[in-house]
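Good morning, and thank you for joining. Please take a moment to look at the sequence and the model before I begin.

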Amino acid sequence: MTIDLNEPLAKWFDNLPLYPSNNMMKQLFNRIYLMIKLSPGGRLAVVFIVCAFLLFSLFLIADALFPFRTNHISFSEVVYAADSTLLHGYLSDDDKWRMYADMNEITPELRKAFIFKEDRLFYYHPGINLLSVARAAFNNLHQGRRSSGASTITMQVARLIQPAPRTVPNKLREMFRALQLEWHYSKDEILQLYLNLLPYGRNIEGVKSAALIYFDETPRALSLGQVVMLTVIPNNPNGLNPLHYPENLEKSRNHWLGKLKESHVFDAEVVNDALAEPLLNRRFEVPRKAPHLSLRLKKSGNETATYSTISPSLQHKVEIMAGNYVRRLRSQQIGNLSVLVVDNRTAAVKVYLGSAGFNEDDYQGQVDGIMALRSPGSALKPLLYALAIDKGLITPKTVITDVPVNFSGYRPVNYDEQYRGKVTIEYALAHSLNVPAVELLDKLGTEQFLNAMSHSGFNWVSQHQQRLGLSVILGGCGTTLEELTALYASFANGGIYRPLRFATSRPAWQGDTLCSPEAAFMITQMLTGLQRPDLPNQYQQAAHLPSIAWKTGTSYGRRDGWAIGYNKDYTVGVWTGNFPGQGSPELNGADCAVPLLFNIFNLLSDRTLPDWFTPPEGLDFRLVCAQTGMIPDTFCLHTVMDYFIPGISPAVRCNHLHKVFTDASETMTYCRHCLPEMGYKTVFYPTYPANLLAWYNEMKIPCNAEPAHNPRCPSIRREGHPFITSLNDGAEYLLLYGRKQQLMLACNAENGVDKVYWYLNDRFYKSAKPTEKVFFEPEAGNYKVSCSDDRGRNSDIYINVSFL
């Protein structure tokens, strides 16, 4: 392709191919050269373009060598409530109230007022207004002093970020920095930066901080009069301070309002209202609400603004309620409390009260009781019962024993140090019995229980799982109010565990299955009853009890009192105690934590009955024997209705009675080996576990026990041998030398056993009744301890005795 130099340039460009050849490029440069050579104006334009290109290249090089950074600016960290109201503000790293105003907080009124007053050509110049520079230079030279400035908003931003004395070199540097700002930021971003850095006296910077501290308003809620005051104060932050010089500020405000009116920037009526607006010459405090949560969110994130899930109105009401309630506790040497309220549907925390008073140094108020590691007492029992239901071990009406038991040296006792014999599962849970819970944990398996705790957010348990045993169900571990509240919220959500949400920026987690919906529903029903010891006395006849499921807990030494409850909408956790850890004789979950729990739920429900839980589809009900909770047999005369999970719950026939052959007077029993041809009859006797029968005998409780077996029976029965309860097989016992300490021999024997025989190292020691306690004084060494009953059945254990 060849180029006709006489052809119009526009037409020539239309004919350009997609990939030009070297010959064509050569012709193009020739044409440009001829144009420059023939036209003086063309030569001038080229010189101008080349100079501009060189200057721009120098600017880019200087910008790369001397970058202007703004990311070092430290802003105040603020925490907002769920409704975007400010909960808590913190000073910046350089101790300034410098709150970051988002773009959507810069209202049109703020934008118009500042641009009108400071830089009317802001959106039209590249950061430097050459007309203003020329005018200022002429005025200053003419008058021999600095009489007017030429700083644009962009140049002011440069000066605010890098303050320096007002000299000519510094002004040139300021211009260069303004060009850099314009190159890297949009006009709106520069204006936003300007409004966030303006000085307003003392340690107040930015329109958002000034609006909050001087007017107790957000930037979006400012009136025109307040907006104009914010435009004039930065010109003289000390002389126009609204706290010290309100007259000067009012005069300056009215002056600029008049100019805005003359220029028709705002409607005359709106300006007239602003002129009549009185000044508020006071300083408002920055909000410091929900201090424990705010501090927690501040430490956990790097965001300038964090939006929490807190409901400010509910938080305020609970704070007042807790503050009044804790006064009564302190008269009983119980110094503090913590409260957590969770929305079950979203797992969002609505109330976060770490202590009764953040500033109460006498009661360690700055300790966050929601995160503090404490002993849970009995608060973990619902999880155990739910897991046992899912494993098919129990249903609510299953009958278990509540008698003294020795678990390899661990002998749990109930809270009231009393035993009740036979109880149902629902009774054991509602009355928080310790011995049945430990026995059930032993059947379930400690490992499975601890794994469930680890998967449901119990961090301390997860870290120390290998060191924990059966005592964990009675509070022998470390938990927090946050973890326990999340656990109970899982029951409210059909057995689905979800971590609690404290900030809206953290999305809701789908959750993990902690237990089945059927087990969660049964636990809820068992925790809803009112016939229980942890219902405070003042509520026994109360007319307005909240409709909730709840559980209490009291740690060893009465150091912690817990109450955690839930309905379909909310889960509330309450802890009471002393942060240093000292106990109080009056401290327990029922009397100290439950009243506050009920008051909070009454506040949440507003006297209306909330929706209650409905049975899941996989849950069914059946008639069971009232004596055992098993499927009734022909001899079961009393039955009750019970929930069960088809295919999972136990389906064993009731065995609370068993058939026995006796003589005519029912004083002796026979077996198949010794049954006579005549003179006997068939009688049904209750089936008692050995430990239950031993407790009945010890407590002198009448029971229809099976008579002794025929002493002339030729058969030696091996099953049902005595069980040694006082010593542990394989254990080592350390005694003090010279103290003549003794070891006890005790056992549980089968029903009908009249006498047992004790042997030490295969040598007869003593005979006794099955319930009788026998003692011996050992020497150092190994012992074989044997116990035989009057039916020839025997059991052995081995121990070692050492002296200190």
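I shall speak about two sheets, the cysteines, a surface patch and one loop residue.

First, a note on the basis: this is a predicted model, in which local features need pLDDT of at least 70 and side-chain atom pairs count only at pLDDT 80 or more, while totals for chains, interfaces and linings use all residues. Residues are numbered from 1 along each chain as its sequence is written, and side-chain values use heavy atoms, with hydrogens and water left out.

Let me begin with the sheet of five strands. This sheet is open, its order is 21-28-27-24-25, and its pairing is mixed. Strand 21 (732–735) and strand 25 (763–768) stand at the edges with a single partner strand each, so one side of each has no neighbour in the sheet. From one strand to the next, the twist averages 30 degrees; the axes behind such angles are lines fitted to C-alpha atoms, for helices over the stretch in contact, and the angles run from 0 to 180 degrees between N-to-C directions. Strands here are DSSP runs of E with at least two residues, helices are runs of H or I with at least four, and both are numbered from the N terminus. Two strands count as paired if DSSP finds at least two bridges between them.

Within this sheet, strand 24 (residues 756–760) pairs with strand 25 in the antiparallel sense over five bridges, and L760 stands opposite R763 in strand 25. Strand 24 also pairs with strand 27 in the antiparallel sense, over five bridges; there, the bridge partner of L760 is V785. Seven of the nine residues of strand 27 (residues 781–789) are buried, where buried means under 20% relative accessible area, exposed over 50%, and partly exposed in between (1.4 Å probe, protein chains only). Strand 27 and strand 28 (residues 794–803) run antiparallel and are joined by eight bridges, with S788 opposite N794. Their hairpin has four residues between the strands, and G792 takes a positive phi near 85 degrees in it.

The other sheet has three strands. It is open as well, with the order 2-1-5 and mixed pairing. Strand 2 (86–89) and strand 5 (305–307) are the edge strands, each pairing on one side only. The twist in this sheet averages 20 degrees from one strand to the next. Strand 1 (residues 78–80) runs antiparallel to strand 2 and is joined to it by three bridges, and Y80 has L86 as its bridge partner.

I turn to the cysteines. How many disulfides does a search of the whole structure find? The search finds zero, a disulfide being a pair of cysteine sulfur atoms within 2.5 Å. Why is C625 not bonded to C636? The sulfur of C636 is the closest cysteine sulfur to that of C625, but at 3.5 Å it is too far for a bond. C625 counts as buried because its relative accessibility is 1%. C703 is in no disulfide either, since the nearest cysteine sulfur, that of C747, is 16 Å away.On the surface, L55, L58, I61, L65 and F66 form a nonpolar patch with about 560 Å² of accessible area together (Shrake-Rupley method, 1.4 Å probe, only the protein chains shown as cover for residues). Patch residues have over 30% relative accessible area and no salt bridge, with nonpolar side chains (Val, Leu, Ile, Met, Phe, Trp, Tyr) joined within 5 Å and like charges within 9 Å; a salt bridge is a Lys or Arg side-chain nitrogen within 4 Å of an Asp or Glu carboxyl oxygen.

Finally, L545 lies in the loop between helix 21 (517–526) and strand 12 (549–554).
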